[in-house]
Amino acid sequence: GYDDYLGTPWTNAPMCEPDATGVSRKFPSGPTFCFLFANDTVVQQPLHIENVTAALTSHAVGFVSSGDARPWYYLLSFLHVHTPLFTMRQNRGRSAGGAFGDNVEEMDDAVGAVMAAVERRGARNSTLVFLTSDNGPYQEEGWAHAGRTNVYRNGTLVGRLRGGKGQVFEGGIRVPGIASWPTVIRGGAVSAALVSTFDIFPTVLRVAGVAMPPSYAIDGVDMSAVLADPEGAPSQHNVLLHYCGFTPLAATVRGRWKVFWGEQQWYTDDPANYTICTQCCNGIVPASRLFAPATDLCGCEEKDIVARTPPVVYDLREDVFEANALTEGTWPAAAGVGYVDVVGAANATRAAMEAAVHPTPDPQGAGTCTAGFPAAARQPCCPGCEKTALSKTCVASEVEGAACECDALPAAVVV
């Protein structure tokens, strides 16, 4: 559905770790899974991951600067700050935050380059921009590689959000979000309203004047009210379900109350690395050793969950660290709403979802067709290369057995 595309069809993952030259060749599986597509053509294989931020930014700036008078939409999916960490050589060591900080600095430069292009185009006031992340820090990768969930009040560190990526605790799902639209959003405003990345889709449709069909299944709601009045608008979801895999494990009610039907338990199954993190599940995935060592996130199966019956509730307004579980017997008298009402609202939303959605996921659906891993048999090749029936890697057609590589990108723009 895109007119022009440049990106990685897989993701930044352990096999993309760069070698000394900045190319994803440190592990033998790197060239197989880490490459760049331009529309439907492989243009760089293996991935020159050191320069990929500059390449993606250059593509975005080129599109924004094209001067096309039509309304436009651009999705820029950085590989930052996902592990393995990487930066261009001139950006290494520039941050006081180590390698992770260098990644953040480089991404910040890239965002600035794109916004400058929007400004040059004269479209700053008529362009709605969202900048956000998809999850909290991947703590299992180690403290030096993970982001932070620190909470500050009046400049003082008061604690860290609970949990991280792959969990439905606040450390896993509460992420920074920035929206910019000078003619609509007051600069510098801060909102505590609960919105979700689900909400970006219906919001963009409304801004574009596109009506969403009534039968279209979408969990998001239009957040225009929050954009127009960030500090005054209420949370946009009466009940927002939080899923662990395909299971609704928790729900936030009225933007304040967090209901848990079960909580993921933290475990360690890699004794050699038992100190790597806390509030996480830091085992090495055994099968990954064949490709590149990958750590394991907390699971979502029944064996990974501690059931909470009856459900427990956390008051995110008073207890954002989810440290004090509330039950009907410990419910605060001044809450303004009862435990039964809060849990009842969550239960009703969950029941309605389960009645409307088929209980067994489609085996060909998103996230299941490759069993969570890219299949080498389906991996495309550079132009002029092919895969033999027995080969799991691309080979040059003209020279039997020769490795196939390509780099058809122009010199990356330094950002």
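In the predicted model, the side chain of Ser196 reaches the backbone nitrogen of Phe198 at 3.0 Å. Ser196 lies in the loop between strand S7 (177-180) and H5, and its relative accessible area of 13% places this residue among the buried ones, the cut-off being 20%. Beyond its neighbours within four places in sequence, Ser196 is in contact with Met223, His237 and Leu240.

The loop on the other side of H5, between helix H5 (200-207) and helix H6 (224-228), contains Met212. This residue is partly exposed, with a relative accessibility of 30%. Apart from neighbours within four places in sequence, the contacts of Met212 are Phe201, Pro202, Leu205 and Ile218. Of these, Pro202 is separated from Met212 by 10 residues in sequence and by 7.6 Å in space, C-alpha to C-alpha.

A salt bridge joins Glu231 and Arg186, with the closest N and O atoms 2.5 Å apart. Because Glu231 belongs to the loop between H6 and strand S8 (239-244) and Arg186 to the loop between S7 and H5, the pair ties together parts that are 45 residues apart in sequence. Glu231 is exposed, at 52% relative accessible area, whereas Arg186, at 48%, is partly exposed.

The count of salt bridges comes to 15. One of them pairs Arg89 with Glu50, the closest N and O atoms being 3.0 Å apart. This pair links distant parts of the chain, with Arg89 in the loop between H2 and H3 and Glu50, 39 residues away, in the loop between strand S3 (41-45) and H2. Arg89 is partly exposed at 45% relative accessibility, while Glu50 is buried at 8%. A further salt bridge is formed by Asp109 and Arg94, with a closest N to O distance of 2.7 Å. Here helix H3, which holds Asp109, is linked to the loop between H2 and H3, which holds Arg94, across 15 residues of sequence. Both partners count as partly exposed, Asp109 at 26% relative accessibility and Arg94 at 37%. Elsewhere, Glu170, Arg174, Lys258 and Glu322 are linked in a network of salt bridges.

His80 also lies in the loop between H2 and H3, and its relative accessibility of 8% classes this residue as buried. The side chain of His80 makes polar contacts with the side chains of Asn103, at 2.8 Å, and Glu106, at 2.7 Å. With residues up to four places away in sequence set aside, His80 touches Thr53, Phe86, Thr87, Asn103, Glu106 and Met107.

Thr53 is among the buried residues of H2, which also include Val52, Ala54, Leu56, His59, Val61 and Val64. In total, 10 of the 13 residues of this helix are buried. The buried residues of H2 pack against S1, strand S2 (36-38) and helix H3 (98-121). The end C-alpha atoms of H2 (residues 52-64) are 18 Å apart, in agreement with the 18 Å expected for 13 residues at 1.5 Å a residue.

At the surface, Tyr2, Tyr5, Tyr73 and Leu75 make a nonpolar patch of about 430 Å². Tyr2 is located in the segment before strand S1 (6-7).

Over the whole chain, 7 helices and 14 strands are present, and 41% of the 415 residues count as buried. Carbon and sulfur atoms account for 56% of an accessible surface of about 22,300 Å². Of the contacts between residues at least 6 apart in sequence, 59% join residues at least 24 apart.

Conventions: Residues are numbered from 1 along each chain as its sequence is written. This is a predicted model: local features need pLDDT of at least 70, side-chain atom pairs count only at pLDDT 80 or more; totals for chains, interfaces and linings use all residues. Side-chain values use heavy atoms; hydrogens and water are left out. Patches are made of residues with over 30% relative accessible area and no salt bridge: like charges are joined within 9 Å, nonpolar side chains (Val, Leu, Ile, Met, Phe, Trp, Tyr) within 5 Å. Accessible areas come from the Shrake-Rupley method with a 1.4 Å probe; for residues, only the protein chains shown count as cover. A salt bridge is a side-chain nitrogen of Lys or Arg within 4 Å of a carboxyl oxygen of Asp or Glu. Helices (H or I, at least four residues) and strands (E, at least two) are DSSP runs, numbered from the N terminus. The expected span of a helix is 1.5 Å times one less than its number of residues. Buried means under 20% relative accessible area, exposed over 50%, partly exposed in between (1.4 Å probe, protein chains only). Contact means heavy atoms within 4.5 Å. A polar contact is a pair of N or O atoms within 3.5 Å; within protein, one must be able to donate a hydrogen and the other to accept it, and residues adjacent in sequence count only if both atoms are side-chain atoms.
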